[in-house]
Amino acid sequence: MQKKPIFVQNANQIITLKGSSEKPLTKEQMNELHIIENSSLWLEDGKIQMVGPHDKLVEQYKDRLHEAEIIDSYGKIILPGLVDPHTHLVYAGSREGEFNMRLNGATYMEIMNNGGGIHATTSKTREACEDELFAQSFRRLNAFLLHGVTTVEAKSGYGLNWETEYKQLKVAKRLNEAHVIDIVSTFMGAHAVPADFKHLEDKFVDFVIEEMLPKVAEENLAEFNDVFCERGVFTPEQSRRILLAGKKYGLIPKLHADEIEPYEGAELAAEVGAISADHLLKASEKGMKAMADKGVIGVLLPGTAFFLMAESANGRKMIDLGVPVALSTDCNPGSSPTCSLPFIMNLACLKMGLTPAEAIVAATINAAHAINRGQEIGSIEIGKKADIVIMDVPNYMQLAYHYGMNHTDTVIKNGKVVVLGGQIQ
């Protein structure tokens with residue numbers, strides 16, 4: 001933790017998102033950024049101590065300014081550190097060959113059913129040692145950091161056996177200790193049915209429930225439990241069994257839902273009390289309404305649809321129905337090989353109908369709530385973690401307007417400057 005206080009001064013805008021710590025924002029609230037113009041921040045002991053108009057903070061801290069590290073943000077904006085609530089961070093290998101196959105007409109499920117997709121990455125991840133996985137994932141975290149991301153959820157799921165799932169979760173734990181980005185772990189033993197359980201899907205579900213879940217809980221390796229509920233992967237009933245079993249061990253349900261076709265995944269997420277349902281490209285209106293009624297967060301992944309050349313989820317409709325919406329990269333080697341959450345925010349505006357303000361909410365405070373961290377991060381309020389990103393644009397609208405560009409200038413994590421002038425410190 002940095003001993004010197006930090007005075008971040010002269011910002012054109014500070015996007016505070018104040019008053020959003022208790023629950024995610026919905027409907028019209030997602031356009032309310034609570035901006036302070038010509039503003040400054042005082043950070044100390046890893047926390048936000050004060051935020052407000054520049055002149056007010058200068059007067060309040062005039063006797064201590066000589067103590068502080070001063071960062072000038074004139075002409076720039078300040079946001080809460082970005083939060084990515086859905087990644088497959090820890091894996092080995094890459095799948096650029098599949099990209100070429102899709103360009104020639106192969107579908108995602110065709111590739112997967114022929115030994116590619118998740119199975120290809122599972123094979124590479126099984127072969128890689130823990131140190132190799134750590135080194136590759138650490139580099140990915142650096143890329144996230146350079147794009148303004150300060151907290152990342154990381155799923156297992158490229159093992160499909162206990163040894164490799166355990167290896168992935170251990171690597172995520174090591175990364176949380178070694179990297180400045182905070183890592184929140186999700187167990188996803190039910191990411192696919194392994195080849196040796198083909199036509200024995202229920203037995204694999206039993207294996208996940210009886211063998212893997214108890215070990216995850218015993219060693220406190222994850223906070224969440226996720227399932228890929230999709231035709232040809234896990235049925236709603238199989239998914240329900242796994243998620244309810246996880247709840248008995250204290251693991252909060254998450255769900256890959258309705259990505260390829262309508263499959264009642266959104267409805268299931270509401271039924272089991274999932275914190276989020278993710279993907280939702282083919283979610284039914286009934287499912288969306290059920291999620292809205294139960295407060296299930298819709299984590300949307302526009303990069304995945306973009307990379308798979310598919311129609312995006314209907315983010316506009318979800319927000320209008322009252323679903324609290326978050327955004328994520330879905331960083332993975334097959335369907336979304338990117339660490340640029342700002343680009344995902346661009347895509348959400350261009351492909352899902354979100355406004356620039358809604359995209360910011362979805363990548364900060366709502367994303368924080370999607371990983372149960374809304375009271376700690378995701379908004380700029382007194383007492384919260386000093387996770388801050390300074391973007392080199394004069395107003396928040398330009399983040400969406402200048403698409404595909406990285407405007408991250410400075411990142412402060414837990415009150416320490418970790419990126420300055422676009423360079424990791």
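This text walks through a predicted model, from its nonpolar cores to an annotated site and a buried serine.

Start with the packing inside. In soluble globular proteins, nonpolar side chains tend to be buried together. Here the largest nonpolar core has 109 residues. Within that core, Leu79, Phe144, Ile183, Leu280, Val325 and Leu327 touch the most other members. The core draws at least three residues from each of two domains: domain 1 (6-80 + 377-424) and domain 2 (83-371). Apart from this core lies another, of 16 residues. Its members include Ile6, Val8, Ile78 and Ile388.

Now pick out one member of the largest core, Val325. What does valine 325 touch, not counting residues up to four places away in sequence? Its partners are Met30, Gly298, Leu300, Met318, Ile319, Leu354, Ala362 and Asn366.

One of those partners, Ala362, leads to helix H14. This helix covers residues 356-363. Buried means under 20% relative accessible area. By that rule, 7 of the 8 residues of H14 are buried, so the helix is largely enclosed by the rest of the structure. The buried ones are Ala357, Glu358, Ala359, Ile360, Val361, Ala362 and Ala363.

Next comes the annotated site. An unreviewed UniProt entry carries the annotation "binding site" for Tyr158, Asn332 and Gly334. Why do these residues gather at one spot, although they span 177 residues in sequence? No two of their C-alpha atoms are more than 11.7 Å apart, so they come together in space. The lining of the largest cavity includes Tyr158, Asn332 and Gly334.

Look at these residues in turn. Tyrosine 158 sits in the loop between strand S7 (149-155) and helix H6 (162-178). Its relative accessibility is 2%, so tyrosine 158 counts as buried. Asparagine 332 sits in the loop between strand S13 (325-327) and helix H13 (341-352). Asparagine 332 is also buried, with a relative accessible area of 3%. Leaving aside neighbours within four places in sequence, asparagine 332 is in contact with His88, Tyr91, Tyr158 and Pro337. So two residues of the annotated site, Tyr158 and Asn332, touch each other. Glycine 334 has a link to asparagine 332 as well. The backbone nitrogen of glycine 334 lies 2.8 Å from a polar atom of the side chain of asparagine 332.

Finish with serine 20. It is found in the loop between strand S1 (6-15) and strand S2 (35-44). Is serine 20 buried or exposed? At 2% relative accessibility, it counts as buried. Beyond residues up to four places away in sequence, serine 20 touches Leu25, Ile365, His369, Ser379 and Glu381.

Key:
Residues are numbered from 1 along each chain as its sequence is written. This is a predicted model: local features need pLDDT of at least 70, side-chain atom pairs count only at pLDDT 80 or more; totals for chains, interfaces and linings use all residues. Side-chain values use heavy atoms; hydrogens and water are left out. Helices (H or I, at least four residues) and strands (E, at least two) are DSSP runs, numbered from the N terminus. Buried means under 20% relative accessible area, exposed over 50%, partly exposed in between (1.4 Å probe, protein chains only). Contact means heavy atoms within 4.5 Å. UniProt positions are given in the numbering used here, feature names are shortened, and annotations may be inferred rather than shown by experiment. On a 1 Å grid over the protein atoms alone, a cavity is a set of points where a 1.4 Å probe fits but cannot get out, and a pocket is an open set with protein on both sides within 12 Å along at least five of seven lines; lining residues have an atom within 4 Å of a point. A polar contact is a pair of N or O atoms within 3.5 Å; within protein, one must be able to donate a hydrogen and the other to accept it, and residues adjacent in sequence count only if both atoms are side-chain atoms. A nonpolar core is a set of buried Ala, Val, Leu, Ile, Met, Phe, Trp, Tyr and Cys residues joined through side-chain atoms within 4.5 Å. Domain bounds come from an automatic or database domain assignment.
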